[in-house]
Each structure stands twice: as structure tokens, then as C-alpha cells.
Amino acid sequence: MTNIDSDNSREWAAQAYALLKKRQEEQKQELQLQEEQKQELQLQEEQKQELIAKENLIPAKANADTELGEFDDNFTWSAMVLASQGKKINQISIDEIDWLTKLRKGLEETRKGFVTELLDKLGDDPLTPESLDDLETLLIRADVGIDSTDKVISALRKKLNEEVVGGEAGIKFLKKELKLIIDKPIINSGTDLLVPQKGKLNVWLLVGVNGVGKTTTLGKLAYLSSRSNFKTLIAAADTFRAAAVEQLKVWGERSNVDVISNQSKNADPAAVVFDAINSAKKRNVELLLVDTAGRLQTKNNLMDELAKIKKIIDKKVPDAIVESLLVLDASQGQNGLKQAKSFAKSANLSGAIITKLDGTSRGGVSLAVSEEVNLPIRFIGAGEGIKDLRPFNSYEFVEALLADK
Ligand SMILES: Nc1nc2c(ncn2[C@@H]2O[C@H](COP(=O)(O)OP(=O)(O)OP(=O)(O)O)[C@@H](O)[C@H]2O)c(=O)[nH]1
Ligand SMILES: [Mg+2]
């Protein structure tokens, strides 16, 4: 682990675990109490035969839907990553631990492909020009991309010419270089974290080829957004695929967000967006999430359609804050990178969302997207569940990518 002494960190993690355990016990007790009160009330209701809906009297459920897992290596690693970012013990949540554990597990395949081999090769010995050649091959194999790999290897070579670099220091330096690559487009964009601006209409278009995870990602974003108290609305502008609207409605229900759609066959996507903007204005919506088609008759159609949607937005709400987010499936590796390049040329993108980081060995493609397409990564998805998407954090990503177990 970086920055912190490992004995202290274990102790820190153990304290954090104990605290979360206590919190969870308290939540459970609270739930139990609620349950008992509920039962008692129910009884009274039955006795009095009054028609009072019990949900009006008792909150539906306490917020304890994520279970604290074991105090294991995953917990310790996740807690240490949070600690080294300056988090205090009483500031961490089970959700954060849960996500970091997922991220680390998700990147396991990518890591196996290169870190494990790299660590085996490096051992505790200082880096040599030969080990750099090995590293180069491993980075390319992990889909990091030629440009990013060149950058990292040249930086390491330069360092090696100046001083002796031990194995551990080499990994530390590698992490720093990889983080620099990912951070560059984020810094250039002027925004660390993509968050809707309060009190304004923000429109986020989710674009990308078919099957990459646009609709699923939109569902997860709707959940994140409504849970963070942004007034949220969904526009079902993928009118090409038959089941797209139904799929979105399910996500809308899960996250308690309305979906604006047009059921008629071959409805015009731009017209759906038109209706959605009208609704958004009426309801003072802060975030309008727009699902778009991944496949039309031809690729040109797809780009034309996106251009049309953008034109409608610019015309109807010129001061809305518009984000065009390219959704990329990490498991597609270099193919995904090609798609990103072709979309970037015609679709005027402002960011990327990387999905399906769980179970792929190609998580390295995130670096290629940053370096070669110059897009800030805004969110990452590592699973099909509603909570399996998080704002992108380059430190956590690189730590998970190079975690040493
Ligand atoms: N394992 C995993 N599966 C995911 C993730 N994101 C999406 N999927 C799955 O990928 C499949 C395609 O997802 P969709 O959201 O329908 O993709 P889409 O881009 O909207 O597809 P089209 O509408 O056909 O263009 C679904 O089975 C999702 O459950 C992820 O982060 N991890
Ligand atoms: Mg879809």
C-alpha cells in the first residue's frame, strides 16, 4: 500500500470495520424496533378495524440494504485506499467499501494478465532495461495502447538512467505515470467530478454502439442522481430497438424516475427529446438523461440522429448544460478504442463511461481512451446491479489495477 505504514493501516482498517459493524448492528436494532412497532400497530389496527395505511405511519424501510461483509483482505485493502485519500474512520460507508471491493475484484483479470506477471518478473530486484521490455509487452497485452505504453516506458527508462530503481519503487512510479495519463483529460476539462449543476437543466446524452451498456448505465445514473436529490427525468430516445422503452421503464421504476417515451413505431428520437425537454421545463428537472440508439440502418444514420437530437436541445434550451457521454464496453479492448475514435470525430463528445470492467482482462483500455481519444472518464461500471456504477476516481482505479494480490 502507498503512503501509509502497513501495521497502522491494518489497525486503522480493523477500527473502521468495528465501527461499521457497530453501525450495522444499530441499524439492525432500529429495523427490529421498527418491525416490532409495526406489528404492534398492525394489531391495533386490526382490533380497531381502522383503515390506516401503515406505510403512512412508519417509514417503509431503514437504509440498511448493503450488508457488511467479512473482515478480510478485501475490506482491509478498500479501507486502506480510503485512508490514503485522507478519509477519516467515521466518514466511510459500507457502500464505499463494497464498491472498492467490486472494483478490485472486477480488475482481477486485467491484473492477472500483467501485474502478477510483472511482480513475478521484477521480484525485489532493481529494474533493468530487460524488465522494461517485459513491462512494455505486458502493458500492450493489457490493452493500455501503444501511445500510453510508450509514454510510461520512456519515463521509466529516463528514471532508470538517472538512478537505481527497486521493484517496489518501480511499481510506485508506474502507478504515478498511469495516473498522470488518466488525469490529463480530466484536468483539461476543468472539472474533476461530473455532477449536474443545481437549479439548472443538465442534459446528459448516452451514446455508443449497440450492446455496450448505454441503457443499463442510464438506469444506474438515474438511481445515483435521484438518490442525490437531483430532480431527474429519462428520455427514451432509442426508438429503433423494440424493447428499449420497456427496458428503460424498468430502470425508471427501480430508481423512481419518470420515463418520457413515444410508443408508436418508428417514432422520431428527436421528437421524444422535444417532449422530454417540455416536461423537464415544466417540472424544473435538473438532470435529463437521454438514452440513444446503438444501431440504426447505417452508421451515418446514427450520427445524423445524434446531430438532430443535439440541435433540438440547443434550440429549445440553449442554456442547458449538455454532456455527450460515450459508453464503452471495456471487454471490447482495442475494438472499443476504434469506436471511441470514430464517435469522437463526428459526435462532439465530452466524456466517456467505461462499462463491464468486471470479468474482463482488458481494463487497460481505459488508459488508451484517455491518451488516444483525450476523453475524461466520468463513471465506471463493474456489474449489472443498480449500484454497480460510480464516479470515476483515477487514484482508486490505478490502485485497483495494480493491487498486489
Ligand atoms: N457484467 C456487466 N454487464 C453489464 C454492465 N453494463 C451493462 N451490462 C450488460 O450488458 C448488456 C447490454 O446492456 P444494455 O444496457 O442493454 O446495452 P445498450 O448499449 O443499451 O444496448 P443497445 O440498446 O442494444 O444498443 C446487458 O445484458 C447488461 O446487463 C457491466 O458493467 N457489467
Ligand atoms: Mg439500449
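Let me start with a pair of helices: α8 and α14 are oblique to each other, and I should say at once that what we are looking at is a predicted model. The axes of α8, residues 167-189, and α14, residues 365-372, come within 8 Å and cross at roughly 50°, and the crossing in which α8 passes α14 is left-handed. On the α8 side the meeting residues are Leu178, Ile181, Ile182, Lys184 and Pro185, and on the α14 side they are Ser366, Leu367, Ser370 and Glu371. If we sort the residues of that contact by character, we find 5 nonpolar, 2 polar and 2 charged.

Staying with α8, let me turn to its other partner on my list, which is α7. Helix α7, residues 146-162, packs with α8 at an angle of about 140°, and the axes of the two are 10 Å apart. Because of that angle, α7 and α8 also come out as oblique to each other, although here α7 passes α8 in a right-handed crossing. From α7 the contact takes in Ser148, Lys151, Val152, Ala155, Leu156 and Lys159, and from α8 it takes in Phe173, Leu174, Glu177, Leu178 and Ile181. The residues of this contact of α7 with α8 divide into 7 nonpolar, 1 polar and 3 charged. You may have noticed that Leu178 and Ile181 of α8 appear in the contact with α7, and that Leu178 and Ile181 also appear in the contact with α14.

Let me now step back to the whole chain, whose secondary structure comes to 15 helices and 8 strands. Of its 405 residues, 41% are buried, and among the contacts between residues at least 6 apart in sequence, 78% join residues at least 24 apart.

How are the strands arranged in the sheet? The 8 strands form an open sheet with mixed pairing, and reading across it the order is β3-β2-β4-β1-β5-β6-β7-β8. The edges are β3, residues 258-260, and β8, residues 389-391, each of which pairs on one side only. Setting direction aside, neighbouring strands of this sheet are turned by 25° against each other on average.

Within that sheet, I would like to dwell on β2, residues 232-236. Strand β2 runs parallel to β4, to which it is joined by 5 bridges, and it also runs parallel to β3, with 3 bridges between them. Ala235 illustrates both pairings, since this residue stands opposite Val290 in β4, while its bridge partner in β3 is Ile260.

Is β2 enclosed or open to the outside? In this model 5 of the 5 residues of β2 are buried, so the strand is largely enclosed by the rest of the structure. Both of its faces are covered, with Thr232, Ile234 and Ala236 buried on one side and Leu233 and Ala235 buried on the other. Two helices lie across this part of the sheet: α10, residues 244-255, lies across β2, β3 and β4 and runs at about 170° to β2, and α11, residues 269-282, lies across β2, β3 and β4 as well, running at about 165° to β2.

Finally, elsewhere in the sheet, β5, residues 321-329, and β6, residues 351-355, pair in the parallel sense over 5 bridges, and there Leu328 stands opposite Ile354 in β6.

How values were computed: Residues numbered from 1 in each chain as written. Chains lettered and ligands numbered in written order. Predicted model: local features only at pLDDT ≥ 70, side-chain atom pairs only at ≥ 80, totals over all residues. Axes fitted to C-alpha atoms, helices over the stretch in contact; angles between N-to-C directions. Helix = DSSP H or I, 4+ residues; strand = E, 2+ residues; numbered from the N terminus. Parallel < 35°, antiparallel > 145°, perpendicular 65-115°, else oblique. Left-handed = near helix turned anticlockwise from the far one by under 90°. Contact = placed C-beta atoms within 7 Å. Nonpolar A, V, L, I, M, F, W, Y, C, P; charged D, E, K, R; others polar. Buried ≥ 20, exposed ≤ 12 C-beta atoms within 10 Å, placed from the backbone. Pairing = 2+ DSSP bridges.
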